[in-house]
Amino acid sequence: MTNLYTQFYTAADVTVSIANRDIASREVGLDLLTGIGYRHNITAMPVYGLGNQLPEFYSQGNSLVTGTLELSFKSGIYLTRALSAIGNYPDNFAKRNELQSKDPSKMTNEEFRTLAQLTRINGIEIPTEESILQYSDPCDIIIRFDNNSDLNKNIAGYLSTITLVDVRFIEFVQGVSTAGDSVITDQYRFMAKTIVARQSNTI
Amino acid sequence: MAEELNKSKYELSQEYTAIPGTIVRVVLEFPEITNDGKTLVFPLDDVMTISYSMYRAKTRVVTLGRNDVIGYGLGTRLVAGSVIRSVFTTDKLTKLQEEIYFLKQDEIRDRITNINAKVPKGLPNKDMLALMKDDLTSFNIHLAVQTEELALNDTTQEYAPHVRYEVILGCVIINTGQVYSIEDLITESTFSYEAKAVKSIADLTNTNYNTGFSSSTSMVSASNLLDPTYKPAFK
C-alpha cells in the first residue's frame with residue numbers, strides 16, 4: 001500500500017500482556033489470547049436547580065471497568081503462572097531476599113513459614129494450583145497496538161497502549177463439548193479501576 | 001530504494017528462462033521431529049503437482065462523506081495448497097508414517113503399563129487404530145529449481161544454472177484423498193494442507209534460512225512460564 005491508503009488496526013496488530021503495577025519490568029505476554037473486551041463506566045447524575053431547565057452540573061459518580069479476556073486453553077495454570085511470575089508484592093521481595101540470605105539452621109519456624117509463603121507467591125519455582133479467583137492482588141493489563149513495519153512507515157497507525165489499571169479477575173468460565181470442532185477456550189471476567197491510554201510519537 | 005527497483009526492471013535484451021515442472025525438486029523437512037531435536041529431511045520424488053495459494057484478509061475502511069476506500073485493516077493470512085503424488089509401490093511418506101506409527105505403538109504400550117510414568121495412572125488411553133497422514137506433525141516443503149541451462153554469474157564470473165528456491169513453511173495436512181480405478185494407468189494420491197508462509201528466494205546467497213518457528217522473544221510469554229525449567233529474565 002502506498003500513501004494512497006491509511007493502514008488501520010486489526011486483531012493481528014494487537015498484543016496483550018499483564019504486568020506488575022509497581023515493577024514495570026515484570027511483564028508477561030499473554031501469547032494465547034484470542035480476544036479481550038472491556039468497557040469503562042462512570043455513574044453520573046444531572047443536578048438541576050430551580051429556574052433552569054438545563055442541568056447545573058453533573059454529579060461525580062463511581063468509575064468501574066469490566067471486561068472479559070478469552071484465551072485458547074493450553075494449561076490449567078496458564079494465567080495463574082503468569083500472575084504468580086509477575087508477583088504483586090514488591091515489599092515482600094526485600095523480605096524474601098533477606099530471609100533467603102539467612103543461615104537456614106538459625107531460622108525460626110515463623111521465618112521458614114514466611115519464606116515458604118513468599119516463595120510461593122513471588123517465585124515461579126512452585127507451580128500454583130490455586131484458582132485464579134484467589135489471586136486477589138491487582139495487576140495491570142496492557143494492550144499494545146502496533147501495525148508499523150518497514151514497509152508502511154508513512155501509513156501505519158501510531159503505536160498506542162491502553163492500560164487497564166488494577167485488574168482483579170472475578171469469574172472463570174470454561175466449557176467442553178463434542179458439538180463442533182472448536183478449540184477449547186477459557187474466559188476470564190475481570191474488573192479494573194480505570195483505563196489509561198497512551199500514544200507514542202516516536203515512530 | 002528506487003534505484004534498486006529500477007535495476008530489477010525487465011530489459012528487452014534479457015533472456016527469459018522458463019521453469020518447467022520437470023526441474024522442480026520437492027524436499028520435505030520435518031524440523032526437530034525427534035526427541036533429541038534432530039530434523040528429518042528427505043526428497044519426495046513422487047510428486048506430480050504441487051500448488052499453493054495465499055489469502056490475506058484485508059478489511060476495507062470507508063468513512064462517512066467519502067465514496068472511496070481510505071484504508072485497510074490487515075488481518076490474518078492463510079497459505080493453503082495441495083500436492084498430487086503418484087502412488088508407487090515404494091512411498092517414503094507412507095513409510096515414514098508407518099515408522100512413526102510403530103514408534104507410537106511402543107509409546108502407547110508404555111503409557112498403558114505406565115512404565116514411563118508420564119501420565120498418571122487411571123487416565124483413559126486413546127486406542128489409536130491408525131496413524132494417518134493428517135496425524136503427521138507440521139513440516140516444511142522445499143521447492144528447489146535448477147535449470148539445465150547455464151548462465152554467467154556477474155559476481156563469481158562463473159557459469160552456473162539458474163536457481164529459484166521456495167519454502168512453504170509450517171504445512172499441516174488437512175485433507176487426504178486416494179482413488180484406485182481400472183480407468184487409471186497411474187494411481188494418484190492427494191493431500192491438501194494449510195501453512196504459515198511461503199518464502200521465495202531468488203538469490204540463495206542472500207538469505208537466512210528459517211525453519212518456520214522461533215522461540216526467541218524480547219518479552220517473557222506466559223507459555224514460556226509453563227516450562228518448569230524456564231527462568232524468566234526479569235530485570
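Which residues does Glu27(A) touch, not counting residues up to four places away in sequence? In this predicted model, the list spans two chains: Ser17(A), Ile18(A), Ala19(A), Ile86(A), Ile142(A) and Arg144(A), together with Met219(B), Val220(B) and Phe234(B). Glu27(A) lies in strand S3 of chain A, which covers residues 27–29. Its relative accessibility is 11%, so Glu27(A) counts as buried; the cut-off is under 20%. Two polar contacts involve its side chain. One, of 2.5 Å, is made with the side chain of Ser17(A). Another, of 2.8 Å, reaches the side chain of Arg144(A).

Ile18(A), a contact of Glu27(A), leads into the largest nonpolar core. This core has 31 residues. Ile18(A), Val28(A), Leu30(A), Leu69(A), Ile141(A) and Phe169(A) have the most contacts inside it. Strands S2, S7, S8, S9 and S10 and helix H1 of chain A each give two or more residues to this core, as does helix H3 of chain B. H1(A) supplies the largest share, 6 residues. Ile18(A) itself touches Val28(A), Leu30(A) and Ile141(A), among others. In soluble globular proteins, nonpolar side chains tend to be buried together.

Another core lies apart from the largest one. It has 20 residues, including Phe42(B), Val79(B), Leu136(B) and Ile168(B).

Chain B also holds a buried glutamate, Glu166(B). Glu166(B) is placed in strand S6, residues 159–178. It counts as buried because its relative accessibility is 10%. Its side chain forms a polar contact of 2.7 Å with that of Ser200(B). Beyond its neighbours within four places in sequence, Glu166(B) is in contact with residues including Tyr52(B), His142(B) and Lys199(B).

How values were computed:
Residues numbered from 1 in each chain as written. Chains lettered and ligands numbered in written order. Predicted model: local features only at pLDDT ≥ 70, side-chain atom pairs only at ≥ 80, totals over all residues. Heavy atoms only, no water. Helix = DSSP H or I, 4+ residues; strand = E, 2+ residues; numbered from the N terminus. Buried < 20%, exposed > 50% of the residue type's maximum accessible area, 1.4 Å probe, protein only. Polar contact = N/O pair within 3.5 Å; in protein donor to acceptor, adjacent residues only side chain to side chain. Contact = heavy atoms within 4.5 Å. Core = buried A, V, L, I, M, F, W, Y, C linked by side-chain atoms within 4.5 Å.
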